[in-house]
Amino acid sequence: MQTAYQVHLAGLFFIAIFMLAVFVFPDFKVAHQVFLFLASLAFAIGFSIWCWPTARKVWRHPIGKALTVILHLFVLLFAAILARNVVASALGLPPQDFDVSVSFIALVFYIPAWSIVVSIIVGVVAFFLSFIGLLIGMFNRPFKETAKLFGHAAGALAICVYSSSVFDFASNNKNFLYPLVRWVAFLGDFQNAEAYPGVGATERIRFHENGVISIATVEDNTVVIQVRKYDL
């Protein structure tokens, strides 16, 4: 028996324990979650082992490499979009005026951006594996083949859920990045410009459109940003 299917059997074992625990110990919610997590993890590992040789072949093919590059560019674009929204929310100013901050936060969101792309891809794979498994079952093919396909589908679905959870966590907790964004902007985007008329020697400023400037100062270890018209 291949390693992938052995891991799938381990997943079935944890599912059996989970169901038994639900009926025998209905109040042990933590144990239920642990067994369910172990089951989903086993199916995810089994699916990864099963599809890894195919993924390597796709990567080595010129078309596969081209598709990977396209996906990478899409992920970078998606991460940049997320970063611009975070910077705009953190500073309350147009993100296009804060290149360093946007670039830095885009790096932070690189993995969450990849997670949503992976979630979509393996979600589609899970759907097709389930569909093919149903077709094979309808034509009275060996149950073993159908079970294998559904095991792979369960693993793909588990990876889909894990990946989307990474993105959800990053999206739901992006407000914790706001202080970091302000510090990055203070150090990288705001600059001293004491030679400009009307700008103090200790002020770190950023010029914007329509004669507006923003001024960043540090008060009690917190970056405070003020906005005013630039008057000569």
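By class, how many nonpolar, polar and charged residues does the lining of the second largest pocket have? The model considered here is a predicted one, and in it that lining has 9 nonpolar, 3 polar and 2 charged residues. The pocket itself has a volume of about 310 Å³. It is lined by 14 residues, and those nearest its centre are Tyr5, His8, Leu9, Ala147 and Lys148. Two helices, helix 1 (3-24) and helix 6 (143-172), each supply at least two residues of this lining. Helix 6 gives the most, with 6 residues.

The largest pocket comes next. Its volume is about 820 Å³, and 20 residues line it. Nearest its centre lie Cys51, Ala55, Val58, Ile121 and Val122. Helix 2 (29-60), helix 3 (62-91) and helix 5 each supply at least two residues of the lining of this largest pocket. The largest share, 10 residues, comes from helix 2. Sorted by class, the lining of the largest pocket has 15 nonpolar residues, 4 polar ones and 1 charged one.

Helix 5, which supplies part of that lining, also meets helix 4. Two packed helices are described by the angle between their axes and the distance between the axes. For helix 4 (residues 99-108) and helix 5 (residues 110-138), the axes come within 4 Å and cross at roughly 50°. That crossing makes helix 4 oblique to helix 5. On the helix 4 side the residues in contact are Ala106, Leu107 and Val108, and they meet Tyr110, Ile111 and Pro112 in helix 5. By class, this contact has 6 nonpolar residues, with no polar and no charged ones.

Between these two helices is a loop, and Phe109 has its place there. Is Phe109 buried or exposed? Its relative accessible area is 4%; buried means under 20%, so Phe109 is buried. Leaving aside residues up to four places away in sequence, Phe109 touches Ala79, Leu82, Val86, Ala170, Lys174 and Leu177. Val7 offers a reference point elsewhere in the chain: Phe109 and Val7 are 102 residues apart along the chain, and their C-alpha atoms are separated by 32 Å.

Helix 4 is also among the partners of helix 7. Which residues of helix 7 (residues 178-189) are buried? They are Tyr178, Val181, Val184, Ala185, Phe186 and Asp189. These buried residues pack against two helices, helix 3 and helix 4. They also pack against strand 1 (191-192), strand 2 (204-207), strand 3 (212-219) and strand 4 (222-229).

The last stop is the loop between strand 3 and strand 4, where Asp220 is found. Asn221 lies in that loop too. Asp220 is not a glycine, yet it has a positive phi of about 55°. Asn221, also not a glycine, has a positive phi of about 65°. Are these two residues buried or exposed? Exposed means over 50% relative accessible area. Asp220 stands at 74% relative accessibility and therefore counts as exposed. Asn221, with a relative accessible area of 69%, is exposed as well. Phe109, in the loop between helix 4 and helix 5, is by contrast buried.

Definitions and conventions: Residues numbered from 1 in each chain as written. Predicted model: local features only at pLDDT ≥ 70, side-chain atom pairs only at ≥ 80, totals over all residues. Heavy atoms only, no water. Axes fitted to C-alpha atoms, helices over the stretch in contact; angles between N-to-C directions. Parallel < 35°, antiparallel > 145°, perpendicular 65-115°, else oblique. Contact = heavy atoms within 4.5 Å. Nonpolar A, V, L, I, M, F, W, Y, C, P; charged D, E, K, R; others polar. 1 Å grid on protein atoms, 1.4 Å probe; cavity = no way out; pocket = protein on both sides within 12 Å on 5 of 7 lines; lining within 4 Å. Points joined across faces, edges and corners; volume = space filled by probe spheres on them. Buried < 20%, exposed > 50% of the residue type's maximum accessible area, 1.4 Å probe, protein only.
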